[in-house]
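Colleague: Could you take me closely through one part of this model, strand by strand, and set out the reasoning where a conclusion depends on a cut-off? After that, a few words on the side chains elsewhere would help me to place that part.

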Amino acid sequence: MRLFFICVFCAVSCMSFSQEKAHTSYLEINYFKGNIGLHNNDILHLIKGRPEGFILSWSKKTYGFNDWEQRYNYPDYGVSFAYQNLKNDVLGNVSALYAHYNFYFFKRRIMFRIGQGLAFTNNPYHKENNYRNIAFGSKFLSSTYVMFNYKKENIFDNLGLQAGFSLMHYSNGNVKAPNTSINALTLNLGVTYNLDEDEPEFVTTLSAERQEKFTQPIAYNFVFRGGINESDVVGSGQYPFYILSAYADKRIHHKSALQFGADVFFSNFLKELIYYKSVAFPEENVSGNEDYKRVGVFTGHELFINKMSLITQLGYYVYYPFDFEGKMYFRVGLKHYFNDKWFGALTLKSHGAKAEAVEFGIGVRL
């Protein structure tokens with residue numbers, strides 16, 4: 001079911017891409033090789049070789065036909081497929097499909113890409129056959145990658161070159177334990193090929209009035225989120241969770257809004273964890289009667305890009321009857337606006353570097 005929702009979310013995003021005016025496009029392939037970062041000492045036994053692989057991408061260019069394209073210096077958007085050999089029989093190989101944006105700096109010589117998608121590993125954790133793989137508890141994973149490249153197009157006719165470094169992250173967001181995750185830090189070298197001979201000129205139609213400070217009245221957001229997750233105790237079981245959120249946001253200009261609000265968490269996996277702790281670890285003084293619900297307040301930021309937006313939130317639990325990973329929490333993810341009011345959301349909630357849940361949400365902005 002979670003895979004279905006991810007596919008629906010990506011399909012809606014792709015449909016919003018396809019509704020834009022026609023643009024030129026290009027292909028690229030990058031070879032990469034690097035290391036697995038040691039973000040957790042528990043994965044030390046998994047770091048052996050130097051992971052390598054390739055990223056095959058298709059991107060559309062923008063030329064400013066829409067205002068948001070001009071505000072973001074004419075970014076590209078598209079899809080990527082990545083394959084990575086993690087150079088460890090325990091970890092196996094990972095294949096992933098992403099939607100991505102490319103942003104440009106320094107006269108369009110420097111490209112920054114961010115991609116979000118779904119990955120598949122051929123050798124996840126198994127309590128009998130692969131118990132050492134504590135990084136991937138499931139076959140399907142959420143994956144994010146970022147890339148910084150120096151890029152030069154049309155060096156030889158339609159062929160260009162690029163080089164830089166990438167970070168690739170794989171995690172199932174604690175949908176199933178274990179889930180210590182993997183971060184691959186790599187250097188990459190690639191070629192690009194423009195599929196169109198002629199390119200239109202960049203459009204610069206934003207008038208002085210439209211570039212003036214932009215504000216909106218305070219808006220009120222109500223969101224229902226849900227999903228399934230598991231505690232770090234392997235085999236403790238997957239349980240549904242529900243989150244009710246309400247927050248106000250203030251749009252300070254075309255790109256950004258500031259947020260302040262509250263969350264109420266109904267995390268059923270904590271019921272099982274509380275019972276487990278009360279029985280297995282009496283020295284921790286857990287009675288088993290502690291409330292599994294939590295309440296938090298948060299402040300955040302929303303970055304608007306066309307019909308999509310990137311949200312980042314920092315929260316603090318004000319009602320916290322059972323100690324689980326500390327009182328601070330973080331949320332980062334994507335929203336897609338179906339119209340001026342309704343939106344869908346796909347977010348990751350974590351405590352520092354430890355993920356708690358992948359959240360699927362539906363909300364309204366009034």
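Modeller: A residue is called buried here when its relative accessible area is under 20%. With that cut-off in hand, and keeping in mind that the model is predicted, I would begin with strand E15, which spans residues 342-351. Of its 10 residues, 8 are buried, so the strand is largely enclosed by the rest of the structure.

The setting of E15 is a closed barrel of 8 strands, which runs E9-E10-E11-E12-E13-E14-E15-E16 with antiparallel pairing, and in which the twist from one strand to the next averages 25°. In this order E15 stands between E14 and E16. On one side, strand E14 (residues 328-337) is joined to E15 by 8 bridges, the two strands running antiparallel, and Val 332 stands opposite Leu 348 of E15. The connection between E14 and E15 is a hairpin through 4 residues. On the other side, E15 pairs with E16 over 10 bridges, again in the antiparallel sense, and here Gly 344 has Ile 362 of E16 as its bridge partner. A hairpin also links E15 and E16, with 2 residues between the strands, and Gly 352 in that turn has a positive phi of about 65°.

Further round the barrel, strand E12 (residues 293-305) and strand E13 (residues 308-319) form an antiparallel pair held over 11 bridges, in which Glu 302 is matched with Ile 311 of E13. Helix H4 (residues 269-280) packs on the sheet, where it touches E9, E10, E11, E12 and E16, and its direction makes about 50° with that of E11. The charged end of Lys 277 sits over the ring of Phe 281, 5.3 Å from the centre of that ring. There is also a charge over a ring at Phe 304, where Arg 251 lies over the face at 3.8 Å from the ring centre.

Turning to the side chains elsewhere, a search of the whole structure finds 24 aromatic pairs. In one of them, the rings of Phe 136 and Tyr 170 have centres 6.4 Å apart and planes at 85°, so the pair is edge-to-face. Phe 136 belongs to the loop between strands E5 and E6, whereas Tyr 170 belongs to strand E7 (residues 159-171), so this pair ties together parts that are 34 residues apart in sequence. Phe 136 counts as buried, at 0% relative accessibility, and Tyr 170 is buried as well, with a relative accessible area of 1%. In addition, Trp 68, Tyr 72, Tyr 77, Tyr 101 and Phe 103 form one aromatic cluster.

A polar residue rounds off the picture. Asn 30, in strand E1 (residues 25-36), counts as buried, with a relative accessibility of 0%. Its side chain makes a polar contact of 3.5 Å with the side chain of Asn 188. When neighbours within four places in sequence are set aside, the residues in contact with Asn 30 include Gly 53, Phe 54, Met 147, Gln 162 and Leu 189.

Notes:
Residues numbered from 1 in each chain as written. Predicted model: local features only at pLDDT ≥ 70, side-chain atom pairs only at ≥ 80, totals over all residues. Heavy atoms only, no water. Phe/Tyr/Trp six-rings, centres within 6.5 Å; stacked < 30°, edge-to-face > 60°. Buried < 20%, exposed > 50% of the residue type's maximum accessible area, 1.4 Å probe, protein only. Lys NZ or Arg CZ within 6 Å of the ring centre and 35° of its normal. Polar contact = N/O pair within 3.5 Å; in protein donor to acceptor, adjacent residues only side chain to side chain. Contact = heavy atoms within 4.5 Å. Pairing = 2+ DSSP bridges. Axes fitted to C-alpha atoms, helices over the stretch in contact; angles between N-to-C directions.
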